[in-house]
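Biologist: I am new to this structure. Please take one helix and look at it closely. Start with the whole chain, then zoom in.

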Amino acid sequence: MILAALTEELRALFGRHAQARIALWFDEKREFERLLPGFEAYLRSLALPPFVLLRYDENAGHGQLWIKHEIHWATR
């Protein structure tokens, strides 16, 4: 399943780079946006999600300031 593979790839990325705490994924053309709802649901279904996914969504009030605030709390 692509969601499990994507999760494992990101988990491995953080494992290879222990100092890395944040990964930004830019999708300027929104080519992968359709995967996000399923990816979010998949992460929620895990007993212990390996990372937190923050999704930029201005319509939901999740803009730049919200993301900065969430990153601050997730990395303290």
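**A close look at helix H2**

Modeller: Read from start to end, the chain follows the pattern α-α-α. This is a predicted model. The chain has 3 helices and 0 strands. Its C-alpha atoms fill a box of roughly 30 × 30 × 25 Å along the principal axes. The chain has 76 residues, and 13% of them count as buried. Its accessible surface comes to about 6400 Å². Carbon and sulfur atoms hold 56% of that surface. Now consider the contacts with a separation of 6 or more: residues 24 or more positions apart account for 40% of them.

Now to H2. This helix covers residues 36-45, and a loop lies between H1 (2-16) and H2. Begin with the inside. Leu36, Phe39 and Leu43 are the residues to find, for they are buried in H2. Look down the axis of H2: its buried residues fall within an arc of 60°, so they line one face of the helix. A general rule helps here. An α-helix has 3.6 residues a turn, so residues three or four places apart point the same way.

Turn to the other side. The face of H2 turned away from its buried side carries Arg44 and Ser45, and both are exposed.

What does the buried side meet? The buried residues of H2 pack against H1. Two of them, Phe39 and Leu43, also belong to the largest nonpolar core. That core has 5 residues, and Leu3, Leu10 and Phe51 complete the set. H1 and H2 each supply at least two residues of this core. Pick out Leu10 next. Set aside its neighbours within four places in sequence, and Leu10 is in contact with Phe39 and Phe51.

Last, step back along the chain from H2 into the loop. Phe26 sits there, between H1 and H2. Phe26 is exposed, because its relative accessible area is 70% and the cut-off for exposed is over 50%. Phe26 has company. Together with Ile22 and Leu24, Phe26 forms a nonpolar patch on the surface. The accessible area of these three residues together is about 380 Å².

So keep two phenylalanines in view as you turn the model. Phe39 is buried in H2, whereas Phe26 is exposed in the loop before that helix.

Note on methods
Residues numbered from 1 in each chain as written. Predicted model: local features only at pLDDT ≥ 70, side-chain atom pairs only at ≥ 80, totals over all residues. Heavy atoms only, no water. Patch = residues over 30% accessible without salt bridge, like charges linked within 9 Å, V, L, I, M, F, W, Y side chains within 5 Å. Areas by Shrake-Rupley, 256 points an atom, 1.4 Å probe, with all protein chains shown as cover. Salt bridge = Lys/Arg side-chain N within 4 Å of Asp/Glu carboxyl O. Helix = DSSP H or I, 4+ residues; strand = E, 2+ residues; numbered from the N terminus. Buried < 20%, exposed > 50% of the residue type's maximum accessible area, 1.4 Å probe, protein only. Arc of directions from axis to C-beta. Contact = heavy atoms within 4.5 Å. Core = buried A, V, L, I, M, F, W, Y, C linked by side-chain atoms within 4.5 Å.
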